[in-house]
Amino acid sequence: MLDACEQSPSYIRAIATYQPGKPVSDLAREMGLGETTIVKLASNENPLGASPLTHAAISAQLSELARYPDGNGFDLKQALCAHYSVLPEQIVLGSGSNDVLELVARAFLAAGTSSVYSQHAFVVYPLATQAVGAAGIEVPARAFGHDLPAMAAAVRGDTRVLWIANPNNPTGTFCPAEQVQDLLARVPRRVVVVLDEAYNEYLPDALRVDTTRWLEQHPNLVITRTFSKAYGLAGLRVGFALAHAEICDLLNRVRLPFNVNSLAQAGAQAALRDQAFVQRSRRVNDEGMRQLTEGFKRLELDYIPSLGNFVSVCVGDAGAVYQRLLRRGVIVRPVGAYGLPAHLRVTVGVESENARFLQALELSLHA
Ligand SMILES: Cc1ncc(COP(=O)(O)O)c(C=O)c1O
């Protein structure tokens, strides 16, 4: 190892690099396949693309490329204020919601502190915790989902952050509002509770509550949202946190200047205006989820019922099935790193993509 690298803190050297879904171009190169023949259902992206309104807004912004973006994101924050009934000082913009999760870790965690998260939870929580030298407390899951009472009980004197993914990735499990409120009532106010709602727009109406209403009563609550999923803007990298103004002030101190580029700011504003697109995304997701789960039942495969735009299915030797699917031009996501070595996570696609995946899966189970 380079002398310089040996000087890097041991907790940095111990980090296992985040493994993203395999890009279509990689598989095309490796297998000699045409890119258009490949189906990628590996990164919980929106199979409908993005709203045409966002394309127009981004095109209109192109003439301004030589200028720095608005570092404070004034117009996007105004649009978010109108949408969520919050004040601009309660919003922190990020390069994807991933960025704001990192900001929370940097602002509140350090060596000698800890954060609490669930087994099988979104991997960025342990990664962000480890990257600042803090200790991670992983609480065993219950039926693949967050055990919120056990998570509240796991809070120690040195705990500064508790992470909840609702719904969680890669399990798709969901904690109803009353359970989250109960946790908020139990956790000391010195602990920041991050409620990561990246998949909120996919929830059925009966389960979706306006959690921003909880901010007043719980000044330690940080809600994170993204434009990467139902809004279809994963490539632009834009997300945000809603929280008490004092928390936002701290997050902004460690935020890189200009962390959300001008195309992302313009695209996100347009996306927010096109709620019909979000509704359509949800409808297509509901239909696709039905198609996939019916396919799993037909193949007699267990799956974890999911409220996101993805579902994890138990296939036995997931590594082998993943490789066979790749050879058939279908990319999904192995989730062994999440403690689910027998599962594959598949993103809900459009009807033809789901059909292609199910067909390839059937051929790949025992081949
Ligand atoms: C639970 C959860 N939170 C946050 C993110 C981060 O997404 P982005 O940075 O694109 O907003 C993801 C991405 O897959 C996720 O699954």
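Two strands count as paired here if DSSP finds at least two bridges between them. In this predicted model, strand 3 (residues 114–118) and strand 4 clear that bar with 5 bridges, running parallel. One spot to look at in that pairing is Ser115, which sits opposite Gly136 of strand 4.

Zooming out, the sheet in question is an open one, built from 7 strands in the order 2-8-7-6-5-3-4 and with mixed pairing. Strand 2 (91–94) and strand 4 (135–139) take the edge positions; each has a single partner strand, so one side of each goes without a neighbour in the sheet. Going from one strand to the next, the twist averages 20°.

Two helices can be placed against these strands. Helix 5 (residues 74–84) lies across strand 2, strand 7 (221–226) and strand 8 (239–243), and its direction is at about 125° to strand 2. Helix 6 (residues 97–108) also packs on the sheet, where it touches strand 2, strand 5 (159–165), strand 6 (192–196), strand 7 and strand 8. The direction of helix 6 makes about 160° with that of strand 5.

Further along the chain there is another set of paired strands. Strand 9 (residues 303–304) and strand 10 are antiparallel and joined by 2 bridges, and they make a hairpin with 5 residues in between. Within that hairpin, Tyr303 has Val313 of strand 10 as its bridge partner. Strand 10 (residues 310–314) also pairs with strand 13 (residues 343–347), again in the antiparallel sense, over 5 bridges. Here Ser312 faces Arg345 of strand 13. As for solvent, strand 10 is mostly covered, with 4 of its 5 residues buried.

On to helix packing. Two packed helices are described by the angle between their axes and the distance between the axes. For helix 5 and helix 11 (residues 262–273), these come out at about 20° and 9 Å. Angles under 35 degrees count as roughly parallel, and helix 5 and helix 11 are therefore roughly parallel to each other. Their crossing is left-handed. On the helix 5 side the contact involves Asp75, Leu76, Ala79, Leu80 and His83, which meet Gln265, Ala268, Gln269 and Leu272 of helix 11.

Helix 13 (residues 318–327) and helix 14 (residues 351–364) likewise have axes 9 Å apart, but with an angle of about 125°. That value makes helix 13 oblique to helix 14. The crossing of helix 13 and helix 14 is right-handed. Val321, Arg324 and Leu325 of helix 13 make the contact, together with Phe357, Ala360, Leu361 and Ser364 of helix 14.

The cysteines are quickly dealt with, as the structure holds 0 disulfides. Cys248 is in no disulfide, and the nearest cysteine sulfur, belonging to Cys81, is 11 Å away; the cut-off for a disulfide is a pair of cysteine sulfur atoms within 2.5 Å. Cys248 is buried, at a relative accessible area of 0%, whereas Cys5 is partly exposed, at 37%.

A few backbone oddities round things off. The loop between strand 5 and helix 9 (177–186) contains Pro167, and the peptide bond joining Asn166 and Pro167 is cis, with omega about -5°. Pro170 lies in the loop between strand 5 and helix 9 too, and a cis peptide bond joins Asn169 to Pro170, this time with omega about 20°.

Positive phi values turn up in non-glycine residues as well. Ser85, in the loop between helix 5 and strand 2, has a phi of about 55° despite not being a glycine. With a relative accessibility of 54%, Ser85 counts as exposed. Phe258 is another such case, with a positive phi of about 60°, and its place is in the loop between helix 10 (245–254) and helix 11. Phe258 counts as partly exposed, at 38% relative accessibility.

Terms used: Residues numbered from 1 in each chain as written. Predicted model: local features only at pLDDT ≥ 70, side-chain atom pairs only at ≥ 80, totals over all residues. Heavy atoms only, no water. Buried < 20%, exposed > 50% of the residue type's maximum accessible area, 1.4 Å probe, protein only. Axes fitted to C-alpha atoms, helices over the stretch in contact; angles between N-to-C directions. Contact = heavy atoms within 4.5 Å. Parallel < 35°, antiparallel > 145°, perpendicular 65-115°, else oblique. Left-handed = near helix turned anticlockwise from the far one by under 90°.
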